[in-house]
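Biologist: I have just opened this entry and would love a guided tour. Could we go through it together, one question at a time?

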Amino acid sequence: MKTITRSLIIGSSMLALAACGPEEISSPGTGGDIIIENPAPTPTPGTPTPTPSGTYTAAASCPSISGVSDGGIINVPGGTVRSCVLPSTFTSSTTLSDTPDDAKVVYEISGAVNVGDDADATYESGETPATNVTLTIQPGVVLFGGTGNSYLVVNRGNKINAVGSANDPIIFTSRQNILGNTSDSDDGQWGGVILLGRAPISDCPSGTPGTADCENQIEGVSSGGFFGGGTDNDNSGVMKYFQIRYSGFAIAKDNELQSLTTGGTGTGTEVDYFQSFNSSDDGMEFFGGYMNMKHAVVVGASDDSIDTDFGVQANMQYVIAVQRASTGNGIIEADSSSNQNNPPRQDTRIANATFLQLSDTPDAAAWKFRGGADLSLANVVLEAKGNECIDIDQVETNQTRADAATGSGDENGHPFFSAVYMQCSTPFTDDSDVNAAAVEASFKATSNDEFSGGVASDAAFTSTLTNFVNGTNESAAVSWNPTPFNRNGFTFDNVGYVGAVRDANDTWYRGWTCDSSIANFGSGVSCSASPFN
């Protein structure tokens, strides 16, 4: 893990924070042509002027929004749409609206698109107007990355208000996807979405970890992108019912953008009903701060489905993660500070999740915990094809919180597993620092120094899942009440079952998601098809 001070930033993409995941870079994906017809050329004599056909007809012009420019007309599978190019920085609050089918626009993210300017690590009265900007995105809006290194970043002191609906989600995707030139094997065609805030983080090149003077730079950006501070309840906005497709462009080795990246977001930030599809790096990665999330679907991530670091305090419930058979690393990679004694110490809690690791990538344990990270899992079903289930690195990652503080190295009682059911070739990985027996002892313990009263977990479970929906064995499995996990304004539901989806009648994932050969959610919309099909 590398850190970067402000004085070292010279605008080169090589100065961004190095990624946490494995050293791999995915292909930027397939190409595609945007046809600009602004203005339309004079027809060749004897050649009739083509008449647009299909559901969509491009709007006559872009909405009147400060900084938005006309990118011309794009031919899409369902007709034509008008490209409206977003500015490099939104300096005032703005709303991006969907338009009727007979006057369609699509919003282009070209390079870095900033929501406001960075407001620094500490709120100060009289902050400039450009640090109190809210970008509102209405249901049904489609945004696409025009080039590989294109991304949307919400800077500290600013907000996003992107709330779709169950029947009309917001879609962030690639140029190739809107043209209909994508498949279920493509990824890495544009950057992704980044939310930055002023909550505490554990890693910084200077300053005191966990305080207002500790900040860092998010990975995957060439300049700016600072996060961290001392405001626990910082609010970077709300995102609900949204998809991020074909993201994760690599700007350098170990320096990729994720589908959704957060850095130092506070407890006031809300994320719900989120789908990541085919990110070339992680499906989501959280660097410090807080993350409260329900209803998350990660499909086809080439690295990890969930990656956590920098002392994040994460709460998640109702999570589905399905990896591709051809690629993918772990389902969860959890790390803490480069110095385990730095506050805040990472503490991630997940309940009611179903994880399918379809890839048999060598040495890719489904769950990899290291760096003294604290992990608590309850009501989880894991099916890992040909791989290890749990790999715990470093003694401090497998000890109690009390022992971690004193450095005694006692291996007993941490992390916490309750009602966790796993099917994999090797349940526990034998490493030199934490052997398989020690990992198994932690897995079978039903209490630690923070949680007690857990129920037994099963590492010899036989999955009867139908895709990701519970079958006979999952329905019969004993569950645990996860409400002791409650904290930071997040309430875990006591639903009385394991896994993310109770049965065939439980359809919280349907309608706002897209389908693929990797995972079919019954939404009737293909992820690889253009949103303007």
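**A walk through the fold**

Biologist: Let's start with Y318: is it buried or exposed?
Modeller: Happy to help, and please keep in mind that this is a predicted model. Buried means under 20% relative accessible area. Y318 has a relative accessibility of 7%, so Y318 counts as buried.

Biologist: And W508, buried or exposed?
Modeller: We can use the cut-off of 20% again. W508 comes out at 12% relative accessibility, so the answer is buried.

Biologist: The whole structure was searched for aromatic pairs; how many were found, and what kind of pair do Y318 and W508 make?
Modeller: The search gives 26 aromatic pairs. For Y318 and W508, the ring centres are 6.5 Å apart and the planes meet at 50°. Planes under 30 degrees apart would be stacked and those over 60 edge-to-face, so this pair is tilted.

Biologist: Y318 and W508 link distant parts of the chain, so how many residues apart are they?
Modeller: Y318 belongs to strand β23, residues 313-322. W508 sits in the segment after α4 (472-476). Their separation along the chain is 190 residues.

Biologist: What about F417 and F443: what kind of pair are they?
Modeller: Their ring centres lie 5.2 Å apart, with the planes at 55°. That angle falls between the cut-offs of 30 and 60 degrees, so the pair is tilted.

Biologist: Which parts does the pair of F417 and F443 tie together?
Modeller: The two rings sit 26 residues apart in sequence. F417 is buried at 1% relative accessible area, and F443 is also buried, at 1%. F417 lies in β29 (residues 416-423) and F443 in α3 (residues 436-444), so the parts tied together are strand β29 and helix α3.

Biologist: Which residue lies over the face of F490?
Modeller: F490 belongs to a cluster linked by ring pairs, along with F416, F451, W480, F485 and F492. At 5.3 Å from the ring centre of F490, over its face, lies K294.

Biologist: Now the sheet of eleven strands: which strands stand at its edges?
Modeller: The sheet is open, with parallel pairing, and its order is β3-β6-β9-β12-β18-β20-β22-β24-β26-β28-β30. An edge strand has a single partner, so one of its sides is left without a neighbour in the sheet. The strands at the edges are β3 (89-90) and β30 (426-428).

Biologist: Inside that sheet, what is the bridge partner of E285 in β22?
Modeller: Strands β20 (residues 284-287) and β22 (residues 306-309) pair in the parallel sense, with four bridges. The partner of E285 is D307.

Biologist: Let's compare β1 and β2: do they run parallel or antiparallel?
Modeller: Strand β1 covers residues 69-76 and strand β2 residues 79-85, with seven bridges between them. A hairpin of two residues connects them, and N75 stands opposite T80. Their direction is antiparallel.

Biologist: One last residue, S247: is it buried or exposed?
Modeller: S247 is in the loop between β15 (237-245) and β16 (250-252). Beyond its neighbours within four places in sequence, its contacts include D187, W190, Q258 and N278. The relative accessible area of S247 is 0%, so S247 is buried.

Biologist: And for the chain, what percentage of residues is buried?
Modeller: The chain has four helices and 30 strands. Out of its 533 residues, the buried share is 61%.

Conventions: Residues are numbered from 1 along each chain as its sequence is written. This is a predicted model: local features need pLDDT of at least 70, side-chain atom pairs count only at pLDDT 80 or more; totals for chains, interfaces and linings use all residues. Side-chain values use heavy atoms; hydrogens and water are left out. Buried means under 20% relative accessible area, exposed over 50%, partly exposed in between (1.4 Å probe, protein chains only). Contact means heavy atoms within 4.5 Å. Rings of Phe, Tyr and Trp (its six-membered ring) pair if their centres lie within 6.5 Å; planes under 30 degrees apart count as stacked, over 60 as edge-to-face and the rest as tilted. A charge sits over a ring if NZ of Lys or CZ of Arg is within 6 Å of the ring centre and within 35 degrees of the ring normal. Two strands pair if DSSP finds at least two bridges between them.
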